[in-house]
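Here is a set of questions and answers for someone meeting this structure for the first time. Please look through the sequence and the model before reading on.

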Amino acid sequence: MQQTSTDFAFYLVPGFSLMALSCAIDVLRAANTECDRPVFRWMLLSENGVDVISSSGIAMGCSPLTDAQKADTITICGGLHSHLFQSAAVKSWLKDEAHKGKRIGALSDGAYVLADAGLFDTTRSTIHWKCQTAYREKYPRLDVRASILEIDGKRFSCAGGTASLDLALHFVSQRLGNDVAGRIADNYFHDTIRADGELQHMASAFRFVSRSKKLSEALRLMDAALETPIQVRVIAEQLQMSHRQLDRLFRKFLNVSPLNHYRDMRLARASALLKQTELSVGEVALSCGFHSASHLSKFLKAKYDETPYQHRRSQGHMR
């Protein structure tokens with residue numbers, strides 16, 4: 001007797017990542033093709049069954065929440081603006097489904113929705129690296145990892161993008177075995193199925209490991225000290241090189257001085273916090289190593305030609 005299908009319900013948050021969704025669903029489709037039978041089924045959901053528009057402007061037809069009663073796995077597919085999403089009905093629905101013992105998780109920024117419903121209170125979770133800082137600020141008590149994906153009991157999350165493909169391949173492997181999952185991965189030219197807990201290469205440091213280990217290490221030190229910046233000369237000393245040598249290294253590969261690049265890293269973090277949290281400008285400034293709101297405003301204006309308040313209202317966030 002054949003095992004019944006595994007049913008997935010994908011709840012689409014307005015502005016969801018179409019890539020994250022399609023990567024997950026197409027793996028399930030490919031598994032059905034490999035087995036020549038519907039091992040997996042799926043549906044798209046919205047609160048009232050209305051169409052939901054993705055971050056790329058493409059609308060997807062959806063079913064209402066009540067249609068997900070038979071779903072084994074519920075996935076919140078997030079993206080642009082998921083940190084702003086609020087729905088008492090969806091929160092209540094998620095809690096009810098969790099109480100039934102269902103497997104529930106998130107793609108990309110959908111982690112915000114589950115965290116808000118309390119579903120990550122006792123489990124690990126991850127989110128796209130651009131949202132890591134803001135997510136940690138908003139939910140300081142959660143066990144947040146900088147990994148590609150996390151599977152912790154009946155909760156799961158992933159960084160979005162092609163990490164959704166890895167997550168879906170894990171589900172296929174659990175149901176059908178490694179051989180089937182491997183053949184599907186090969187079909188997508190996906191050489192390695194990335195493991196639960198594997199770190200996101202979110203820091204610019206990783207891009208330069210093969211070209212300059214000293215530069216990579218300098219960038220790692222900067223990334224680890226954005227809130228309380230360390231002096232460039234101290235970084236040079238830790239790398240056992242002179243300030244001048246470090247300066248030449250940055251100008252060779254990045255065409256900028258170490259000091260200015262360090263400031264740009266802190267401004268990038270400030271940009272994320274302004275757009276993804278409700279922290280005051282002063283709080284954002286202190287979290288990014290600036291002395292005051294006016295100090296941050298000066299450099300933000302020079303970098304983005306916007307005041308912090310204008311920047312908070314502007315868009316340009318992508319998955």
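Q: Is strand β6 (residues 103-107) largely enclosed or largely open in this predicted model?
A: The model is predicted, and a residue counts as buried when its relative accessible area is under 20%. In strand β6, 4 of the 5 residues are buried, so with respect to the rest of the structure the strand is largely enclosed.

Q: Which handedness does the crossover from β5 to β6 have?
A: Strand β5 (residues 73-77) and β6 run parallel and are joined by 5 bridges, with Thr75 standing opposite Gly105 of β6. Between these two strands the chain passes through helix α2 (residues 88-99), and the resulting β-α-β crossover is right-handed.

Q: Which residue in β10 is the bridge partner of Gly105?
A: Strand β6 also pairs with β10, in the parallel sense and over 4 bridges. Within that pairing, the β10 partner of Gly105 is Phe156.

Q: What is the geometry of the aromatic pair formed by Phe156 and Phe171?
A: The structure holds 10 aromatic pairs. In the one formed by Phe156 and Phe171, the centres are 5.0 Å apart, and because planes over 60 degrees apart count as edge-to-face, the 80 degrees between these two planes make the pair edge-to-face.

Q: How many residues apart are Phe156 and Phe171, and which elements hold them?
A: Phe156 is buried, with a relative accessible area of 1%, and Phe171 is buried as well, at 6%. Phe156 belongs to strand β10 (residues 155-158) and Phe171 to helix α5 (residues 163-176), so that their pair links distant parts of the chain, 15 residues apart.

Q: Which charged residue sits over the ring of Phe171?
A: Phe171 belongs to one aromatic cluster together with Phe8, Phe10, Phe40 and Phe156. Over the Phe171 ring, 4.2 Å from its centre, sits the charged end of Arg103.

Q: Over the face of which residue does Arg266 lie?
A: Arg266 offers another case of a charge placed over a ring. At 4.3 Å from the ring centre, it lies over the face of Phe290.

Q: Which exposed residues does the face of α12 turned away from its buried side carry?
A: Helix α12 (residues 293-304) has 12 residues, which at 1.5 Å a residue should span 16 Å, and this agrees with the 16 Å between its end C-alpha atoms. Its residues Leu296, Phe299 and Leu300 are buried, and they lie on the same side of α12 because they cover an arc of only 105 degrees around the axis. The face turned away from that buried side carries the exposed residues Ser294, Lys298 and Ala302.

Terms used: Residues are numbered from 1 along each chain as its sequence is written. This is a predicted model: local features need pLDDT of at least 70, side-chain atom pairs count only at pLDDT 80 or more; totals for chains, interfaces and linings use all residues. Side-chain values use heavy atoms; hydrogens and water are left out. Rings of Phe, Tyr and Trp (its six-membered ring) pair if their centres lie within 6.5 Å; planes under 30 degrees apart count as stacked, over 60 as edge-to-face and the rest as tilted. Buried means under 20% relative accessible area, exposed over 50%, partly exposed in between (1.4 Å probe, protein chains only). A charge sits over a ring if NZ of Lys or CZ of Arg is within 6 Å of the ring centre and within 35 degrees of the ring normal. Two strands pair if DSSP finds at least two bridges between them. A crossover is right-handed if, with the strands pointing away from the viewer, the path from the first strand over the helix to the second runs clockwise. The expected span of a helix is 1.5 Å times one less than its number of residues. The arc is that of the directions from the helix axis to the C-beta atoms.
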